[in-house]
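Me: I would like to go through the reasoning behind some of the labels attached to this model, setting each value against its cut-off. Please take them one at a time.

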Amino acid sequence: MTTVRTAQTPSAVGETPRPSILIVDDRWQNLLATEALLKPLGADIVTAESGEAALSLVLERHFAIVLLDVQMPGMDGFETARLMKTRPSMQGVPIIFVTAISKEDHYATEAAAIGAVDYIFKPINPDILKSKVQVYLELYTQRQQILQLNATLRQSNEELERFAYVCSHDMKEPVRMMNIYAGFLAEDSAEKLDEDGRRYVQYIRDNATRLNRMIGDILNFSRVGREAIEVEAVDTRRVFDEVCAGLAGVIEAQRAKVTCGALPEMHTSPTLMRVLLQNLIGNALKFQDGRRIPEIHVSARREGKAYRFDVSDNGIGIDPAYADRIFTIFQRLHSEDEFPGTGIGLSTCRKFVRLYGGEISFISTPGEGTTFSFTLPQPARL
């Protein structure tokens, strides 16, 4: 016989579902007594008078905890528990054996091997049983709340990423047209415009260019994490050389010295490595006060199961008071006139590195320079 006892007050919409307790015993008197004892805990009570009936129930619904008698005709409690544990829905569900058989250690050992969390002997102490079940119910409720919160956060993040992608994509065309027509105005009406008019047109074009750059950065930021990171053998020295070649104009204009130590050949994402070096070297070149020739050095070393890269410069440095803001999206420490940019580069670096399982940090002395460090774990087997 199988009986389901459900509390009268249903869970509100959006709340964690009410937990269910499965009590399995071949004596109806024991079922009634245990049900009465646990009913005040506020869970749904489901009872079964055989192992076979209990197995049918675990196919139909989820349980927070199972109280299982050992001595039952036909299928005993140990065999019932073994078969229960083959169900994916029962993985992690605590089983408490309630029995009157011998207290010899090998029975408790067998119960533990099956995956039981406790082994209680009859006659049952009601207070002890009730307190144990309450603890497991609270753990179940907390776990469900965490799972529900994670699901909500995951859905929210996905919606935000889609929103950012759609908005940014739809904004590119009007910004492009604004820049084009401002250019037409500057070329076709240059003679008709006074100095203020020409300055206004140039202001429109500069801001359109900046907005277009920001849209591109938002698109890139929203894409990080949407696709699996492809890992392959990467010569990081070659990536360094390619990044420096792309920044050659800035390096030459500033007469900067950009050097590197021995950089490894490792298994990682070439896109990740390029994004990191391009942003960090680019920032090192940008944040200079012009009082000295920029010097940037990239080094790497093995640390356990990961490689650690350091990108050091002799730039303006970062005030420690801004340490919490430096990796936050759109957070800028300087005005656009001082140092152009969108404030997304370092946020993208941190998001990318963390998705890969690494970390990024920095140490800095204002007026002397900064060293950014990031770690990239290596696969156990290549």
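Me: Why are helices α9 and α10 called roughly antiparallel?

Reply: In this predicted model, helix α9 (residues 270-286) and helix α10 (residues 345-355) pack with their axes 10 Å apart and at an angle of about 150°. Angles over 145 degrees count as roughly antiparallel, and α9 and α10 therefore receive that description. The crossing in which α9 passes α10 is left-handed.

Me: What makes Cys-349 count as buried?

Reply: The cut-off for buried is under 20% relative accessible area, and Cys-349 has a relative accessibility of 0%, so the label applies. Cys-349 belongs to a set of buried residues in α10 that also includes Leu-346, Ser-347, Thr-348, Phe-352 and Val-353. After α10 comes Gly-357, with a positive phi near 100°.

Me: How do you know that Cys-260 is in no disulfide?

Reply: The search covered the whole structure and found zero disulfides. For Cys-260 in particular, the nearest cysteine sulfur is that of Cys-244, at 7.4 Å, whereas a disulfide requires the two sulfur atoms to lie within 2.5 Å, and Cys-260 is therefore left without a disulfide partner. Cys-260 has a relative accessibility of 17% and so counts as buried, since the limit is under 20%.

Me: What makes β8 and β12 the edge strands?

Reply: The open sheet has five strands in the order β8-β10-β11-β13-β12, with mixed pairing. Strands β8 (257-260) and β12 (360-365) each pair on one side only, and they are the edge strands. From one strand to the next, the twist averages 15°.

Me: How do you know that β8 and β10 are paired?

Reply: Two strands count as paired if at least two bridges are found between them, and β8 and strand β10 (residues 295-303) have four bridges, in the parallel sense, so the criterion is met. Within this pairing, Thr-259 has His-297 in β10 as its bridge partner.

Me: Why is Arg-255 described as exposed, and what is noted about its phi?

Reply: Arg-255 has a relative accessible area of 62%, and exposed means over 50%, so the label follows. Arg-255 lies in the loop between α8 (248-254) and β8. Its phi is near 55°, which is positive although the residue is not glycine. Most residues other than glycine have a negative phi.

Me: Why is Pro-366 called partly exposed?

Reply: The relative accessibility of Pro-366 is 47%, and partly exposed covers the values between the 20% limit for buried and the 50% limit for exposed, so Pro-366 falls into that class. Pro-366 sits in the loop between β12 and β13 (369-377). The C-alpha atoms of Pro-366 and Ile-316 are separated by 5.9 Å, while these residues are 50 residues apart along the chain.

Me: What makes strand β3 mostly covered, and which residues lie on each of its faces?

Reply: In strand β3 (residues 44-48), five of the five residues are buried. Asp-44, Val-46 and Ala-48 are buried on one side, and Ile-45 and Thr-47 are buried on the other, so that both faces are covered under the definition of buried.

Me: How do you know that β2 pairs with β3, and what kind of unit do they make with helix α1?

Reply: Strand β2 (residues 20-24) runs parallel to β3 and is joined to it by five bridges, where at least two are needed for a pair. Ile-21, for instance, has Ile-45 in β3 as its bridge partner. Together with helix α1 (residues 28-38), β2 and β3 make a right-handed β-α-β unit.

Key
Residues are numbered from 1 along each chain as its sequence is written. This is a predicted model: local features need pLDDT of at least 70, side-chain atom pairs count only at pLDDT 80 or more; totals for chains, interfaces and linings use all residues. Side-chain values use heavy atoms; hydrogens and water are left out. Buried means under 20% relative accessible area, exposed over 50%, partly exposed in between (1.4 Å probe, protein chains only). Helices (H or I, at least four residues) and strands (E, at least two) are DSSP runs, numbered from the N terminus. A crossover is right-handed if, with the strands pointing away from the viewer, the path from the first strand over the helix to the second runs clockwise. Axes are lines fitted to C-alpha atoms, for helices over the stretch in contact, and angles run from 0 to 180 degrees between N-to-C directions. Angles under 35 degrees count as roughly parallel, over 145 as roughly antiparallel, 65 to 115 as roughly perpendicular and the rest as oblique. A crossing is left-handed if the near helix is turned anticlockwise from the far one by less than a right angle, and right-handed if clockwise.
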